[in-house]
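This report concerns helix packing and the nonpolar interior of a single model. The sequence and structure are shown first.

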Amino acid sequence: MTTSDVPVDRSDEASTAKTCADVMVMLRKDTADAHQSMEDTPVMRSLLAGTLSRSGYMALLEDIYSLASPLEAAAMAHPLWTRATNFDFRRRLKSQRLLQDIAFLQGASPEDLEIVPRTVRLPNVGSDARLLGALYVIEGASLGGRVILKQLTDLYGYTAEAAACFYAGYGHDTGQRWREWCAFVEDYSRDRKLDTQEMLSAALETFGCFGEVLGHG
Ligand code: HEM
């Protein structure tokens, strides 16, 4: 079975994307090949094909954590939030969700986990445009997470409460939270006249970093 065999209902996501204005449409279009490369990594193929072992799934979560954790730390410390005070990015952090899932799988509590994150390449988030481009990749991944959650539930019985909190994303609020994110990025980039090509470049770099993380083994 290949990834193209997996029935992926994109109708909701497609209509979601249509509500997002130009910069988001451009990001979606110009990163489409990079996104396809994510779906084509061996680990994602194996997850979609139903052949990923439980230990393989845990290794996947740890790999994503290795990148998401330092990237989110850099994002939290970014000066953009001193300007965008109306947007609560902290509510969107994914690292804690990853830790919660890994802890569940290890039968430990998140506080007792001892993860030694691998050293990974991080995207350059040295400007507002670049930060938003990098975060586009992490936020957007919640949309595909719904497909993956279904697979994890079918395969292992994992749910939003048990081992698949990261992929469960925002649950039924996913479409709404994505629209809020799109509106924020659109408004901020227009008001601040951000360079959208710089945003795209950071999004592509971030996909590249994820590709390295997902493709390492
Ligand atoms: C098996 C793996 C994956 C599947 C099946 C999947 C599937 C999807 C689906 C169905 C969407 C909804 C939008 C569309 O129809 O194109 C989506 C969006 C998205 N995914 Fe994935 N995805 C996967 C992996 C990833 C990974 C690993 C990342 C990032 C590291 C990622 C980043 C994104 C982004 C940024 C979007 C938003 C696209 C937009 O602008 O609308 N995806 N994905």
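The following paragraphs describe one helix pair, one buried residue and the nonpolar core of this predicted model.

The axes of helix 2 (residues 22-30) and helix 11 (residues 196-214) approach within 10 Å of each other, crossing at roughly 40°. Angles under 35 degrees count as roughly parallel and 65 to 115 as roughly perpendicular; helix 2 and helix 11 are therefore oblique to each other. Their crossing is right-handed. On the side of helix 2, the contact is formed by V23, M26, L27 and D30, which meet T196, M199, L200 and A203 in helix 11. Of the residues in this contact, six are nonpolar, one is polar and one is charged.

V185 lies in helix 10 (residues 174-191). Because 20 or more C-beta neighbours within 10 Å are required for burial, V185, with 24, counts as buried. Its C-alpha atom is 10.0 Å from that of L135, and the two residues are 50 apart in sequence.

The largest nonpolar core comprises 47 residues, and those with the most contacts inside it are L61, I64, L98, A134, A164, M199 and A203. At least two residues of this core come from each of several helices, among them helix 5 (54-76), helix 7 (95-106) and helix 8 (128-156). In soluble globular proteins, nonpolar side chains tend to be buried together.

The table lists contacts of two residues, leaving aside neighbours within four places in sequence.

| Residue | Residues in contact |
|---|---|
| V185 | V23, M24 and L132 |
| L61 | L98, D101, I102 and F166 |

Technical notes: Residues numbered from 1 in each chain as written. Predicted model: local features only at pLDDT ≥ 70, side-chain atom pairs only at ≥ 80, totals over all residues. Axes fitted to C-alpha atoms, helices over the stretch in contact; angles between N-to-C directions. Helix = DSSP H or I, 4+ residues; strand = E, 2+ residues; numbered from the N terminus. Parallel < 35°, antiparallel > 145°, perpendicular 65-115°, else oblique. Left-handed = near helix turned anticlockwise from the far one by under 90°. Contact = placed C-beta atoms within 7 Å. Nonpolar A, V, L, I, M, F, W, Y, C, P; charged D, E, K, R; others polar. Buried ≥ 20, exposed ≤ 12 C-beta atoms within 10 Å, placed from the backbone. Core = buried A, V, L, I, M, F, W, Y, C linked by C-beta atoms within 7 Å.
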